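Please open the entry in your viewer and keep the selection panel at hand. The stops below move from the whole chain to single residues.

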Amino acid sequence: VCIENNETCGQALLLIESLRAFGGRFSSCPVLAVAPRAGLGVDAATRARLDELAATYHEEVLNTVCPEYGSANRVYAAAWAARHSPAETLFVLDSDTLFLGEPGLPEPGCDLAVRPVDVKGPTSEGPGDPFESYWAAMCGLAGMPIDALPFVETVLDRRRVRASYNGGYAVVRRASGILERAAEL
């Protein structure tokens, strides 16, 4: 989880508190709280609270490519965690996530579990969609054709879109390399 000296601070602490209280068999799992942008590390009181919650705090400038885009923080923090954690499975979480019960793990043999986006937004519904060229360019950067993206249904508005997932709750097998590849892209 990312934590910074901004609105994410209280949210991230509440996330960790909820995991400790309601996470079931994961309630005592290691937690990495990462401050990935310059000048946004947390204060001593927050660090003390993280210690009380048995969370490891790491402050390092990781988001150097697009620091103005806070959502990119999780991509760089997750790649850092994949390189430094010995855990087999990593949960990559938005700071505003709350646990109300024990989270599940992907099926055996599955490297990634994610949830489709809530609404269409800037995803593509395929040829003719105004965002299709953007996603084709993104696929090009990854060295794949856009048709390799499967179609999924958005959660709330039930639209058929090219694969686009909620990045704030992903469960990833660390050894897959998915998190580092996402940061490279």
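## A tour by selection

Begin with the loop between strand S3 (89–93) and strand S4 (112–113), and pick out aspartate 111, which lies there. The model is predicted. At 39% relative accessibility, aspartate 111 counts as partly exposed, because that value falls between the 20% limit for buried and the 50% limit for exposed. Now add valine 171 to the selection: 60 residues separate it from aspartate 111 in sequence, yet the two C-alpha atoms are 8.1 Å apart in space. Which residues does aspartate 111 contact once its neighbours within four places in sequence are left aside? They are Val171, Val172, Arg173, Ser176 and Ile178.

Next, zoom out and select the whole chain. A cartoon view shows five helices and seven strands. Followed along the sequence, they come in the order α-β-α-β-α-β-β-α-β-β-β-α. The radius of gyration is 17 Å, close to the 16 Å that the globule rule gives for 185 residues, so the protein is as compact as a globular protein of that length. Its C-alpha trace spans about 50 × 35 × 30 Å along the principal axes.

Switch to a surface. About 10000 Å² is exposed, and carbon and sulfur atoms supply 57% of that area. Of the 185 residues, 40% are buried. Among contacts with a separation of 6 or more, 68% join residues 24 or more positions apart.

Return to the cartoon and select helix H1 (residues 8–22) together with helix H2 (residues 44–52). Their axes lie 11 Å apart and the packing angle is about 10°. The two helices are therefore roughly parallel to each other. Show side chains where they meet: Cys9, Leu13, Ile16 and Glu17 come from H1, while Thr46, Arg49 and Leu50 come from H2. By class, this contact holds four nonpolar, one polar and two charged residues.

From H2, step back to the loop that joins strand S1 (31–35) to H2, and select arginine 37. Is this residue buried or exposed? Arginine 37 is buried, with a relative accessible area of 15%. Not counting residues up to four places away in sequence, arginine 37 touches Glu4, Asn6, Glu60, Val61, Asn63, Pro67, Glu68, Tyr69, Gly70 and Asn73. For a distance across the model, draw a line from arginine 37 to proline 116: the C-alpha atoms are 27 Å apart, and the residues are 79 apart in sequence.

Then go to the loop between H2 and strand S2 (55–59), where alanine 54 is found. Its phi is near 55°, a positive value in a residue other than glycine. Alanine 54 counts as exposed, at 54% relative accessibility.

A positive phi also occurs at arginine 158, where the value is near 50° in a residue that is not glycine. Look for arginine 158 in the loop between S5 and strand S6 (160–162). With a relative accessible area of 55%, arginine 158 is exposed.

For the last stop, select alanine 148, in the loop between helix H4 (132–141) and strand S5 (151–153). Alanine 148 has a relative accessible area of 45% and is partly exposed. Add arginine 162 to the selection: alanine 148 and arginine 162 are 14 residues apart in sequence, with 9.4 Å between their C-alpha atoms.

Definitions and conventions. Residues are numbered from 1 along each chain as its sequence is written. This is a predicted model: local features need pLDDT of at least 70, side-chain atom pairs count only at pLDDT 80 or more; totals for chains, interfaces and linings use all residues. Side-chain values use heavy atoms; hydrogens and water are left out. Axes are lines fitted to C-alpha atoms, for helices over the stretch in contact, and angles run from 0 to 180 degrees between N-to-C directions. Helices (H or I, at least four residues) and strands (E, at least two) are DSSP runs, numbered from the N terminus. Angles under 35 degrees count as roughly parallel, over 145 as roughly antiparallel, 65 to 115 as roughly perpendicular and the rest as oblique. Contact means heavy atoms within 4.5 Å. Ala, Val, Leu, Ile, Met, Phe, Trp, Tyr, Cys and Pro count as nonpolar, Asp, Glu, Lys and Arg as charged, and the others, Gly among them, as polar. Buried means under 20% relative accessible area, exposed over 50%, partly exposed in between (1.4 Å probe, protein chains only). The radius of gyration is taken over C-alpha atoms; the globule rule is 2.2 Å times the number of residues to the power 0.38. Accessible areas come from the Shrake-Rupley method with a 1.4 Å probe; for residues, only the protein chains shown count as cover.
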